Amino acid sequence: MRVLLIGANGYLGRFVAERLLADPAVQLTALGRGDDADVRFDLATGSPGALTRFLDAVHPGVVVNCAGATRGGARELTRHNTVAVATVCEALRRSGCGARLVQLGCGAEYGPSQPGSSTAEDAVPRPGGPYGVSKLAATELVLGSGLDAVVLRVFSPAGPGTPAGSPLGRLAEAMRRAMQSGDGELKLGGLGVQRDFVDVRDVARAVHAASLSAAQGVINIGSGRAVRLRDAAAVLARVAGYGGALHELDAPPGPVRPTIGHPRPEPDHAAPVSYPYPDGCGSWQQADVRTARDRLGWRPRINLEESLADIWMEAACRI
């Protein structure tokens, strides 16, 4: 089976590439913007016609799209998350390769949900920010394309390679700095937010399974369990051997903006800098993952403690 992987150098794409390369039945070709891609192509600016010619030449059986942007303004997010997927869909429609498309979506497409609930694939999406909107638009393009396609809605990925600017990455970095400076207490904000964390290696397994399956539509990929960031911080402290106290900063007056991993303020600062949780999903999100079990034969295998231990190992090695 020849697989064309788009976005192989990204956070999720690297692990998807490793998983696919471990399958001796897979012939992998990587397409991306970096110099180390087998083929250099920018989905946000390249034409569907150029991509069609490449598809006809390579003739993949499966196209996996892990490319996209998580940060930036609405225009940039739309370009990289929506326009890019429109290019992929149009190229596949024009091509004679008949490839199956596995698109990586995200839990942010659903937006805020009721605390205590599990979000299933039939929930009405109400994204709470431009990132979720851009990813939802991409999902709608895929579902309306008429292609043999499946969208994996990945909830909150964690584990090795977690970006330092993500909430868990900032948490690990704040703890590293506290230990390095000998601080006996760590002040953090936004620890009441609860998210469904799923290890990136489990996400890669789901992509592999989706590539081999005939499943179509939307499938949630998560752990099926919401975890409070306060609890994740406690686990990370145990893994790191941090014996100091964890204090949650009081919420500022006005609209609630969940924050995490404040840098230590300089003496002339009146208050720490605030970082909003980036996904626009409010205080709670938990995936219903029964469809992934039933249609892909997939279940998460790696627990959050192992994911956090890997995040900590990378943070501890950072100078």
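**Entry 1: Gly34**

I started at Gly34, which turns up in the loop between strand 2 and strand 3. Worth jotting down before going further: this is a predicted model. Is Gly34 buried, partly exposed or exposed? Its relative accessibility is 22%, and buried would need under 20%, so I have Gly34 down as partly exposed.

Next I asked what Gly34 is in contact with, leaving aside its neighbours within four places in sequence. I found Asn9 and Arg40. I also checked the C-alpha separation between Gly34 and Gly111, and got 32 Å for two residues that sit 77 apart along the chain.

**Entry 2: the seven-stranded sheet**

Then I looked at the sheet that strands 2 and 3 belong to. I read the strand order as 3-2-1-4-5-6-10, an open sheet of seven strands with parallel pairing. Strand 3 (39-40) and strand 10 (217-221) are the edge strands; each has a single partner, so one side of each has no neighbour in the sheet.

I went through two of the pairings. Strand 1 (residues 2-6) runs parallel to strand 2 (residues 27-32), with five bridges between them. Within that pair, I see Val3 opposite Leu28 of strand 2. Towards the other edge, strand 6 and strand 10 are also parallel and joined by five bridges. There I noted Val151 standing opposite Val218 in strand 10.

Is strand 10 mostly covered or mostly open? I have it as mostly covered, with four of its five residues buried.

**Entry 3: helices on that sheet**

What lies across strand 10? I picked out helix 4 (residues 130-143), which lies across strand 5 (100-106), strand 6 (149-154) and strand 10 and runs at about 160 degrees to strand 5. Helix 6 (residues 200-212) packs on the sheet too, and touches strand 4 (62-65), strand 5, strand 6 and strand 10. I get about 150 degrees between the direction of helix 6 and that of strand 5.

**Entry 4: helix 1 against helix 6**

I stayed with helix 6 and looked at how it meets helix 1. Two packed helices are described by the angle between their axes and the distance between the axes. For helix 1 (residues 11-21) and helix 6, I have axes that come within 8 Å and cross at roughly 60 degrees. Roughly parallel needs under 35 degrees and roughly perpendicular starts at 65, so I call these two helices oblique to each other. The crossing of helix 1 and helix 6 is right-handed.

I listed who makes the contact. Helix 1 brings Tyr11, Leu12, Phe15, Val16, Arg19 and Leu20. Helix 6 brings Val200, Arg201, Val203, Ala204, Arg205, Val207 and His208. Sorted by class, I count nine nonpolar, one polar and three charged residues in this contact.

**Entry 5: helix 2 and its cover**

I moved to helix 2 (residues 48-58) and asked which of its residues are buried. They are Gly49, Leu51, Thr52, Phe54, Leu55 and Val58. The cover over these residues includes strand 1, strand 2, strand 3, strand 4 and helix 3 (74-94). Just after helix 2 I spotted His59, which has a positive phi of about 55 degrees.

I then took the helix 3 part of that cover. The axes of helix 2 and helix 3 come within 8 Å, with a crossing angle of roughly 50 degrees. That angle makes helix 2 oblique to helix 3. I have this crossing down as right-handed.

From helix 2, the contact uses Pro48, Gly49, Leu51, Thr52 and Leu55. Opposite them in helix 3 I found Thr87, Val88, Glu90, Ala91, Leu92 and Arg94. The class tally for this contact is six nonpolar, three polar and two charged residues.

**Entry 6: the three-stranded sheet**

Last stop was the other sheet. I read the order as 7-9-11, three strands in an open sheet with mixed pairing. Strand 7 (156-158) and strand 11 (226-228) are at the edges with a single partner each, so one side of each is left without a neighbour. On average, neighbouring strands here are turned by 55 degrees against each other, direction ignored.

Strand 7 pairs with strand 9 (residues 194-199) in the parallel sense over three bridges. I looked up the bridge partner of Ser156 in strand 9, and it is Phe197. Helix 6 came up again: it packs on this sheet, touching strand 7 and strand 9, at about 65 degrees to strand 9. Helix 7 (residues 229-240) lies across strand 9 and strand 11, and I have it running at about 70 degrees to strand 11.

Terms used: Residues are numbered from 1 along each chain as its sequence is written. This is a predicted model: local features need pLDDT of at least 70, side-chain atom pairs count only at pLDDT 80 or more; totals for chains, interfaces and linings use all residues. Side-chain values use heavy atoms; hydrogens and water are left out. Two strands pair if DSSP finds at least two bridges between them. Contact means heavy atoms within 4.5 Å. Axes are lines fitted to C-alpha atoms, for helices over the stretch in contact, and angles run from 0 to 180 degrees between N-to-C directions. Angles under 35 degrees count as roughly parallel, over 145 as roughly antiparallel, 65 to 115 as roughly perpendicular and the rest as oblique. A crossing is left-handed if the near helix is turned anticlockwise from the far one by less than a right angle, and right-handed if clockwise. Ala, Val, Leu, Ile, Met, Phe, Trp, Tyr, Cys and Pro count as nonpolar, Asp, Glu, Lys and Arg as charged, and the others, Gly among them, as polar. Buried means under 20% relative accessible area, exposed over 50%, partly exposed in between (1.4 Å probe, protein chains only).
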